[in-house]
Every structure is written in structure tokens, then in C-alpha cells.
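Here are a few friendly notes to read alongside the structure. Take them one at a time, and keep the picture open as you go.

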Amino acid sequence: MDTGDKLDRFGWAGQRDLGAGNVLFRMHLVLKGLYLRLSPNTRKTTASHNRYRLPAGATSPTTPPLQAVIKHFRYLIPSLTMASIDGASGPSSYLDCATTTTEDADTLRRSRILSSMLYFDAPIIYSTSYDISFLGIEKLHPFDSSKWGRICQFLIENGVLEKTHIVEPLEATKDDLLVVHSESYLKSLKSSLNVSIITEVPPVAVFPNCIVQKKVLYPFRKQVGGTILAAKLAKERGCAINVGGGFHHCCANRGGGFCAYADISLCIHYAFIRLNISRVMIIDLDAHQGNGHEKDFSDDRRVYILDMYNPYIYPLDYEARRYIDQPVEVPSGTTTDEYLMKLDEALEVAGSAFDPELVIYNAGTDILDGDPLGRLRISPNGVAIRDEKVFRFANDKNIPLVMLTSGGYMKSSARVIADSIINLSKKSLITMGGTPRTN
């Protein structure tokens with residue numbers, strides 16, 4: 001017997017065009033077929049086969065009520081009620097029921113997915129390898145090379161971040177770095193003297209390069225891996241925060257300013273190829289000019305650069321300034337209110353001038369009041385408001401955002417960054433799976 005014969009036997013013939021979603025109506029047809037097959041003219045009436053008892057006082061076999069058949073098979077379709085059978089006037093009643101059931105199932109499925117801890121929304125990318133500890137000589141540079149771990153610790157202590165939600169990146173390999181960097185530049189890093197100049201820590205020059213590679217450059221390569229991974233996760237989940245990265249003074253063939261690898265440039269090139277992204281906006285709000293990525297994308301119209309920087313401090317790269325699409329100068333002594341007003345104006349202009357598919361946000365905290373290198377006067381609360389504005393900018397336009405922590409030369413930077421991330425969580429601009437503690 002072929003499939004068509006089976007359908008005909010159950011009274012299903014001619015209903016194949018109703019669509020796979022009309023499950024309840026199809027089941028009704030099946031039950032109707034069973035009912036007909038159990039009628040006096042067709043069903044077996046021997047005691048061994050007749051499982052429907054005669055009503056009291058009956059003198060001859062009767063056809064079992066359709067409701068009885070339905071009740072017997074009801075375990076197959078728990079959502080089918082007697083009222084829906086008795087009151088049904090045609091297929092539309094079953095279609096409505098099927099639609100409602102499908103919608104309920106979809107809602108439940110969505111709820112379960114969104115509440116699952118398997119695919120949390122805003123991953124924090126970090127590795128203990130980020131933190132540089134090199135016989136204490138890392139303290140000779142004003143940069144706090146242990147801030148990355150302390151940021152995560154503050155978030156965990158506050159309850160906003162679970163350890164299991166921290167994503168550890170892979171180290172960027174030589175082949176990965178060659179996507180942007182020249183062979184000659186990478187070879188130059190095999191000189192401890194060159195690395196000491198880039199990191200601005202002179203004693204590094206006296207150590208064997210194998211030690212320098214392990215203690216200094218390996219942490220940087222891990223952070224590069226974190227930045228590249230952040231773009232992928234941001235596209236999937238809306239945003240991602242690499243607790244490290246933001247080495248915006250390094251370009252393809254030159255490092256400097258504690259930046260040995262061009263993680264921002266690498267991240268963008270990977271996004272072009274691996275994520276099929278064609279337009280990227282860099283919002284660089286570190287106090288220092290991002291001359292590295294500006295040189296790397298000097299003639300690339302796929303990348304729009306908004307750079308708010310103090311023009312009177314390092315790197316004073318006047319050539320690179322020519323490549324900034326939207327320069328916003330904030331001179332030494334700029335206060336919180338003035339800074340945030342300029343940021344509002346800059347974001348409005350950027351939003352009108354360019355339509356990005358990805359935002360790279362370089363969120364340096366060297367803008368803080370008291371930072372010895374940034375020389376600006378932005379309050380900790382001002383940093384939180386700044387970050388919130390950038391996240392809202394991307395969120396309102398539904399643009400994936402990658403946040404990098406970049407520069408910051410005070411011990412308080414780690415706490416300020418953590419507090420800002422907590423604020424983003426409270427404002428529902430990121431979802432991290434934890435529950436911030438209230439004081």
C-alpha cells in the first residue's frame with residue numbers, strides 16, 4: 001500500500017495542501033477516520049477486538065461516540081480539548097488552535113534561549129596572560145600593566161560577571177600578525193633593544209629576547225587575539241569587551257607608546273574577510289591621538305575615524321592627523337561638561353556622515369582628572385557617561401560594538417572601568433548574566 005492509500009484510509013486525502021503547521025486539523029481527520037472504521041458496518045465486533053463496551057441497556061452494537069475515540073487518543077495531542085471538538089464548525093477552529101499552540105511554543109523556546117547561560121550576550125574577553133609581570137621592571141612605566149586582571153576581579157566581586165563567562169582568546173601567531181605587519185617589523189621585535197624602545201622601559205633591553213618574548217610580547221599577542229575575537233562575538237551578540245587591547249600607536253611597520261602590535265588594524269582586516277563587514281567606524285576616545293590605525297587606513301574609505309584627543313601630548317603625529325575623518329581636539333584642562341558636550345556633537349556628526357556595520361571603541365581612561373599623561377580633567381562619573389553615550393550610539397543604530405580599554409595611567413583606572421561596565425549593565429546596554437550587588 002502506498003502513502004496515498006494510507007492517507008485515504010484515514011480520511012486525509014485531499015488535505016495535503018493545508019501545510020505542515022495545521023497539526024490539530026490533520027489529527028482530527030485521523031481520528032475521524034478511526035471513528036468511521038469503528039462503525040457497525042466496518043469494525044470487528046468480537047469480544048476480543050471490541051474494546052468499547054455497549055452502553056447499559058443496549059441490545060445491539062453501537063458506534064462509539066467520536067468523543068470517546070478522541071478521549072482515547074488524547075494523549076497524542078494534549079492541547080486538544082473536548083470543547084474544541086464539540087464547538088468546532090470547520091477547519092478554521094483547528095487552524096486557530098494550531099496557530100496559538102505554535103506561537104506559545106515559539107515564545108517558550110525564545111524565553112529558554114534568552115535565559116540560557118550557554119550563550120550569554122556580552123562576553124568579557126580576558127586572559128591572566130594579559131597582565132605583565134617582569135621582575136618588577138614593568139613598574140618603571142606609568143601604565144598599570146596589572147589593571148586588566150583587576151578590572152575582572154572588581155566585576156566578579158560586584159556580581160556582574162561570572163568567571164565562567166570570561167572568554168579566553170588564543171595568542172595571535174606570526175601568520176596572523178603578517179595580515180598587517182611587515183616581515184621586517186616582526187623581525188625587529190627579536191631585538192630586546194627595539195622592544196624596550198617601543199614599551200618605553202629601558203631595562204628590557206638587557207634581557208635575552210626569549211625572556212622578552214615570553215614576559216612582554218606574549219601578553220600583547222594574547223590581547224591582539226582578544227581584540228580580533230571580540231569583533232566576531234560582537235557581530236553575533238551585539239557587543240563584546242576585550243579587557244585589554246587598544247594599541248592605537250602601532251601601525252603596520254612601527255610600534256611605540258607601549259603598543260607593539262596593531263590590534264585595531266588587525267581586527268578590522270579580519271572583520272572585512274571573516275565577518276563580511278565592509279564599513280567600520282573607529283571611535284577613539286583615548287586622550288592620545290590614535291596615529292597607528294590612522295596611518296594604516298589613511299586611504300581606505302571603508303574605515304571612518306572619529307578621534308577625540310589632546311593635541312598637545314604624545315604622539316604629536318601631524319602626518320597621521322591628516323587621515324582623521326573627524327578630529328575633535330580636547331586640549332589640556334578640558335573639563336567633564338565640556339568634554340561630554342563635544343562628544344555629543346561628534347557622535348551626531350559621525351552618525352550622519354557614515355553608516356558603519358561595526359564600531360571599534362577605544363575607551364582609554366587616560367582622560368581622567370589627575371592622569372599624568374592625558375592631562376584632561378574628566379571625572380570617573382564622566383567616564384561612565386562617556387561610555388554610555390557610545391554604547392547608546394551603537395545600540396540605537398543596531399551596530400555591533402567592540403570595546404577596548406586602551407590607555408590609563410593611574411591605579412584608579414581599573415576601578416573606573418569596572419564601574420562603567422557595571423553602569424552599562426544596569427542601563428541594559430549590555431547583558432552579562434550576573435546580578436550587580438547593591439550597596
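1. Let's begin with confidence, since this model is predicted. The average pLDDT of the protein is 82, and 71% of the residues reach at least 70.

2. Two stretches call for care. Residues 40-63 keep a pLDDT under 50, and the model gives this stretch 25 contacts beyond four places in sequence. Residues 69-92 also stay under 50, with 33 contacts beyond four places in sequence. Where pLDDT is low, the predicted coordinates should not be read in detail. Please treat the contacts of residues 40-63 and of residues 69-92 in that spirit.

3. Now for the overall build. You can look for 16 helices and 8 strands in the protein. Among contacts with a separation of 6 or more, 69% join residues that lie 24 or more positions apart.

4. How much of the protein is buried? Of its 439 residues, 51% count as buried. The accessible surface is about 21200 Å², and carbon and sulfur atoms make up 53% of that area.

5. Finally, the cysteines. How many disulfides does the structure hold? The count is 0. C251 is one cysteine without such a bond: the nearest cysteine sulfur belongs to C250 and lies 6.2 Å away. A disulfide needs the two sulfur atoms within 2.5 Å, so this pair does not qualify. C251 counts as buried because its relative accessible area is 7%, under the 20% cut-off. C239 is likewise buried, with a relative accessibility of 7%.

How values were computed
Residues numbered from 1 in each chain as written. Predicted model: local features only at pLDDT ≥ 70, side-chain atom pairs only at ≥ 80, totals over all residues. Heavy atoms only, no water. Helix = DSSP H or I, 4+ residues; strand = E, 2+ residues; numbered from the N terminus. Buried < 20%, exposed > 50% of the residue type's maximum accessible area, 1.4 Å probe, protein only. Contact = heavy atoms within 4.5 Å. Areas by Shrake-Rupley, 256 points an atom, 1.4 Å probe, with all protein chains shown as cover. pLDDT = per-residue confidence, 0-100.
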